[in-house]
Every structure is written in C-alpha cells, then in structure tokens.
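Please find below some notes on the model you sent round, set out as numbered points. They begin with a single residue and then widen to the helices and the aromatic side chains.

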Amino acid sequence: MRDFMKYWFPVLVWMAIIYFLSSRSHFPMDLPQWFYFKDKVVHMCIFGFLAYLFLRAWLWGELSRITLLTAVIAVIFTVLYGASDEFHQSFVPNRDPSLWDLIADMTGAVLVCFSVFYFQKGKFEK
C-alpha cells in the first residue's frame, strides 16, 4: 500500500488539479494575449506532466524499465483523460471542448513519454 501511495497518489492529485482547473470558467492567471498558442502550450505542459506521472507510477519509479509499450500506454491513458477533460468542459459555463486542446494534450504526452523512452534507452548517448 505504501508503494501505491508513493507512485499513484501524485497521479490522482494531478488529475484532481486538472479537473479543478477545467471546472473554472476562466483560467486563474492571465497570460499575454500576444502569445497565440498560449493555451496549447499550457495543455502540452499539464498533460505532459500527467503522462510522466503515469509512467512513473506504472514502472514503480524505475524509469529505466520503460518499454515502448509502457510509453504508448501512458500516452493512451493521458489522451483518454484529456478527452474526458474536454467533455467535462462542455458542461462548464464559458468553456467549450476543443479538438485542438486534445491534440495539444496528446502532443505533450507523446513528447514526454518518448523523450523518457529514448533517454532511458541511451539513444542520446554519443
């Protein structure tokens, strides 16, 4: 139970934070309006971190055990949560679901999971 809490509790907390932020009619901090892709960058970072937490939890903290399959599974679960987040936003005043947001979620998850995979497998070694 202790290992479960150590690795899965952060996943659940981060998912709750995402849910809370999605429940808000407005994002709690203002980003510069001139930054056209600001929302997509935020989505990529938030869901990239969720993907990392999924990987960490499934591998019980031993990222060196990562396989291509675990990376793909982490991406799939992250995207599924992203899809549920977009669906949830359809019920929040002043919020709309967006396919582009989901694509940004997936992009963040893919970048993080496959960066961890290639880093752990020594693909960046000289």
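1. Does Ile66 count as buried or exposed, and at what relative accessibility? In this predicted model, Ile66 has a relative accessibility of 0%, and because the limit for a buried residue is under 20%, Ile66 counts as buried. Its place is in the loop between α2 and α3, so that the residue should be looked up there and not within a helix.

2. The surroundings of Ile66 deserve a look in the viewer. Setting aside the neighbours within four places in sequence, Ile66 is in contact with Leu55, Leu59, Ala71, Cys113, Val116, Phe117, Gln120 and Lys121. One of these partners, Gln120, lies 54 residues away along the chain, yet the C-alpha atoms of Ile66 and Gln120 are separated by 7.3 Å.

3. As for the overall arrangement, the secondary structure comes to four helices and zero strands, and the pattern read along the sequence is α-α-α-α. Of the 126 residues of the protein, 33% count as buried. Among contacts between residues at least 6 apart in sequence, 73% join residues at least 24 apart.

4. Helix α1, which spans residues 2-23, packs against helix α2, residues 38-58, at an angle of about 160°, and the two axes are 8 Å apart. Because an angle over 145 degrees counts as roughly antiparallel, α1 is described as roughly antiparallel to α2. The crossing of α1 and α2 is left-handed.

5. The residues that make up this contact can be listed by helix. From α1 come Lys6, Tyr7, Trp8, Pro10, Val11, Trp14, Met15, Ile18 and Leu21, and these meet Ile46, Phe47, Phe49, Leu50, Leu53, Phe54, Arg56, Ala57 and Trp58 in α2. By class, the contact of α1 with α2 has 16 nonpolar, no polar and two charged residues.

6. Ile46, in helix α2, is one of the residues in that contact, and at 18% relative accessibility Ile46 counts as buried. Not counting residues up to four places away in sequence, Ile46 touches Trp14, Ile18 and Leu21. Ile46 and Gly108 are 62 residues apart in sequence, while their C-alpha atoms are 7.8 Å apart in space.

7. Turning to the aromatic side chains, the count comes to eleven aromatic pairs. In one of them, Phe54 and Trp58, the ring centres are 5.0 Å apart and the planes stand at 15°, so the pair is stacked. Phe54 and Trp58 are four residues apart in helix α2, which means a separation of about one helical turn. Phe54, at 6% relative accessibility, counts as buried, whereas Trp58, at 27%, counts as partly exposed.

8. Which geometry does the pair of Trp58 and Phe77 show? The ring centres of Trp58 and Phe77 are 5.1 Å apart with the planes at 65°, so this pair is edge-to-face. The pair links distant parts of the chain, with Trp58 in helix α2 and Phe77 in helix α3 (residues 68-89), 19 residues apart. Phe77 is partly exposed, with a relative accessible area of 41%.

9. Finally, these rings may be viewed together, since Phe4, Trp8, Phe54, Trp58 and Phe77 form one aromatic cluster. Among its members, Trp8, Phe54 and Trp58 also appear in the contact of α1 with α2.

Note on methods: Residues numbered from 1 in each chain as written. Predicted model: local features only at pLDDT ≥ 70, side-chain atom pairs only at ≥ 80, totals over all residues. Heavy atoms only, no water. Axes fitted to C-alpha atoms, helices over the stretch in contact; angles between N-to-C directions. Helix = DSSP H or I, 4+ residues; strand = E, 2+ residues; numbered from the N terminus. Parallel < 35°, antiparallel > 145°, perpendicular 65-115°, else oblique. Left-handed = near helix turned anticlockwise from the far one by under 90°. Contact = heavy atoms within 4.5 Å. Nonpolar A, V, L, I, M, F, W, Y, C, P; charged D, E, K, R; others polar. Phe/Tyr/Trp six-rings, centres within 6.5 Å; stacked < 30°, edge-to-face > 60°. Buried < 20%, exposed > 50% of the residue type's maximum accessible area, 1.4 Å probe, protein only.
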